[in-house]
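Here is a short tour of one structure. Start at the ligand, then move on to the helices and two unusual spots in the backbone.

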Amino acid sequence: MDKKTIIQTQSDLVADWDTLFRVFIRPEGQASRATLIKYMDRILYGLNDFLKKHVGITEAKSLKDLSEKFTGTIISDNPEKKLADVITCLIEDIAPHAVNVASPYFIGHMTSAIPFFMVHLKTIVTALNQNVVKLETSKIVSVIEKQVIAKIHRMIYNQDDAFYQTHVQNTDTTLGVFVEGGTTANLSALWAARNAVFAPKTGFAGIESEGIAAAFRAYDVDRCVVLVSRLGHYSLRKAAGILGIGNQNVIVLDTDKNNRVDITKLKQIISRIGKENPKTCILAIVGIAGATETGTIDPLEEMAEICAEHHIHFHVDAAWGGPTLFSKQYKHLLNGIHLADSVTIDGHKQFYMPMSCGMLYLKDPKKLDVIAYYAHYVNRWGSVDLGIKTLPGSREANSLILDCALKIMGANGYALLIDHGIETAAAFAREINKRDSFQLMTPPTLNILTYRLCPAAIQNKLNTADKTQRQGICEKLNVINQRLQRIQREAGSSFVSRTTLLRDNNPDDSIVVLRTVIMNPMTTISILNEILDEQEEIFETQLKALL
Ligand SMILES: *Cc1c(COP(=O)(O)O)cnc(C)c1O
């Protein structure tokens with residue numbers, strides 16, 4: 001079809017009640033029914049071409065060229081397009097410039113292919129348009145949500161049958177909540193931890209009501225801190241900002257050589273805070289189960305023990321790694337997660353759900369009582385309304401998608417995906433070690449690893465170089481890896497991401513690394529080899545002179 005006819009404004013279109021009625025009623029006539037089915041068909045199959053292509057983050061068109069085409073800011077009075085034309089435009093003009101995150105060559109981020117049934121499930125959820133903030137707009141969906149939350153809770157905490165019988169449909173207790181993503185889940189966890197520490201008492205109505213200054217006075221505290229590894233997700237800093245704790249009070253813990261929290265240093269910091277700043281309150285300690293940059297997992301059991309000893313809220317950020325619990329072979333990597341007071345898991349990551357779905361799970365079913373809000377028209381006292389204890393208000397029925405996905409996949413289906421990612425990442429690491437051009441920087445614990453281009457001869461040089469020589473070489477390597485990542489991305493057939501890590505926790509020794517996340521089941525070791533081949537070729541032909 002000629003693109004111009006699509007983009008052209010259809011000036012004969014008008015907004016009138018006839019048209020409005022047509023878009024709001026159900027497709028009763030055979031003709032309109034057939035039309036709507038045809039449109040769904042176009043969506044499901046029209047995108048096929050796009051999904052089969054290489055990753056094409058750039059295509060030929062630059063972001064600048066694209067943005068110049070999208071500068072009009074006036075909403076047209078009359079309709080510009082019919083549904084059919086809008087769909088055509090999305091499929092033919094927009095999708096080709098979107099990023100094909102479903103490509104098995106797209107291994108740079110935590111966003112990837114999703115099973116195609118997710119599109120169907122999302123469509124049903126949209127068609128039902130339930131609002132899970134309250135029972136009056138969701139009814140059975142609220143019940144199903146409680147059940148699926150209990151299922152995931154059981155996977156994490158593994159309490160006995162009696163516990164789940166008591167809580168699965170209990171309207172007074174909360175085993176978990178659905179929120180928008182890992183960011184809001186982490187925020188909710190710290191919110192609950194904060195309100196529990198600064199709880200109401202005689203003469204003080206609680207921090208939620210009186211605010212942070214009054215809370216500090218009431219409890220004779222002058223600073224609140226959250227402790228997390230250097231690899232902690234930046235959402236924790238956002239949360240500290242929003243909660244009035246201050247993001248500079250998210251204290252970064254040094255990591256050991258395996259990028260896990262250094263337990264000795266953690267103990268030292270806690271005792272130092274106790275001695276030097278007795279008016280500092282440690283609000284929470286966060287353990288990571290699958291760090292965003294390296295996929296590494298903190299020593300959760302030891303951290304839980306320390307938290308229990310000091311009566312500190314222990315939060316585990318398993319936004320990425322949570323679903324590893326499906327794998328019989330690898331779930332031991334998360335040992336100790338059941339000791340966490342709260343656990344973040346993202347549905348849109350390793351549950352392979354569409355954007356976006358976050359969840360927070362609680363060991364104590366009464367834990368979220370401290371963040372409950374009520375209103376007269378909704379979320380009344382004693383009601384089942386799930387919005388009482390969630391940060392979001394109105395929200396879609398993501399729980400239906402998760403519930404159906406669990407039924408379609410089974411725990412074993414998810415385990416296959418998890419095992420594939422972990423094992424492919426391990427094979428990739430072996431391949432990187434085999435090649436002279438590369439240096440593995442953080443070996444994979446789960447399915448994330450980092451490496452860099454650094455020829456063997458240079459690696460040897462680094463081992464014997466003095467400090468200034470080292471710095472000189474490292475700066476060159478940083479530039480090379482930065483450019484390498486960009487050139488490969490621009491070429492458009494594959495994508496790895498890039499981040500900066502610190503050597504030995506030293507802020508003056510930052511290393512640019514290439515980062516890969518292996519979650520697409522179609523990503524095979526031979527594809528990964530192709531990606532390494534391309535990188536070697538880019539280095540040989542374009543970057544070698546920089547060394
Ligand atoms: C992705 C991620 C988050 C943030 O989740 P969003 O869904 O992007 O808000 C938090 N923590 C970790 C470890 C993550 O990987």
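How many residues surround the ligand, and which are the closest? The model is predicted. In it, 15 residues surround the ligand. The closest are G182, T183, D317, D346 and K349.

**The ligand and its shell**

Sort the shell by class. Three residues are nonpolar, nine are polar and three are charged. Next, ask which element supplies the largest share. That is helix α10, residues 182–197, with three residues of the shell. G182 and T183, two of the closest residues, fall within the range 182–197 of this helix.

Some side chains place a polar atom close to a nitrogen or oxygen atom of the ligand. The table lists three of these pairs.

| Residue | Ligand atom | Distance |
|---|---|---|
| T292 | oxygen | 3.2 Å |
| D317 | nitrogen | 2.6 Å |
| H348 | oxygen | 2.9 Å |

How much of the ligand does the protein bury? Taken alone, the ligand exposes 380 Å². The protein buries 86% of that area. D317 appears twice in this picture. It is one of the closest residues, and a polar atom of its side chain lies 2.6 Å from a ligand nitrogen.

**Three helix pairs**

Now look at how helices pack. Take helix α13 (residues 263–276) and helix α14 (residues 300–310). Their axes come within 11 Å and cross at roughly 15°. Angles under 35 degrees count as roughly parallel, so α13 is roughly parallel to α14. The crossing of α13 and α14 is right-handed.

Helix α16 (residues 456–464) and helix α17 (residues 467–491) form another pair. Their axes are 9 Å apart, and the angle is about 150°. Angles over 145 degrees count as roughly antiparallel, which is why α16 is described as roughly antiparallel to α17. The crossing of α16 and α17 is left-handed.

What is the angle between α8 and α15? Helix α8 covers residues 140–157, and helix α15 covers residues 398–434. They pack at about 55°, with their axes 9 Å apart. The two helices are therefore oblique to each other. The crossing of α8 and α15 is left-handed.

**Two backbone spots**

Two places in the loops deserve a look. Where is K139? This residue is in the loop between α7 (117–128) and α8. Phi of K139 is near 40°. That is a positive value, in a residue other than glycine.

The other spot is a peptide bond. M355 and S356 are joined by a cis peptide bond, with omega at about -20°. S356 is in the loop between β6 (342–346) and β7 (358–362). D346, one of the residues closest to the ligand, has the number that ends the range of β6.

Conventions
Residues numbered from 1 in each chain as written. Predicted model: local features only at pLDDT ≥ 70, side-chain atom pairs only at ≥ 80, totals over all residues. Heavy atoms only, no water. Near = heavy atom within 4 Å. Polar contact = N/O pair within 3.5 Å; in protein donor to acceptor, adjacent residues only side chain to side chain. Areas by Shrake-Rupley, 256 points an atom, 1.4 Å probe, with all protein chains shown as cover. Helix = DSSP H or I, 4+ residues; strand = E, 2+ residues; numbered from the N terminus. Nonpolar A, V, L, I, M, F, W, Y, C, P; charged D, E, K, R; others polar. Axes fitted to C-alpha atoms, helices over the stretch in contact; angles between N-to-C directions. Parallel < 35°, antiparallel > 145°, perpendicular 65-115°, else oblique. Left-handed = near helix turned anticlockwise from the far one by under 90°.
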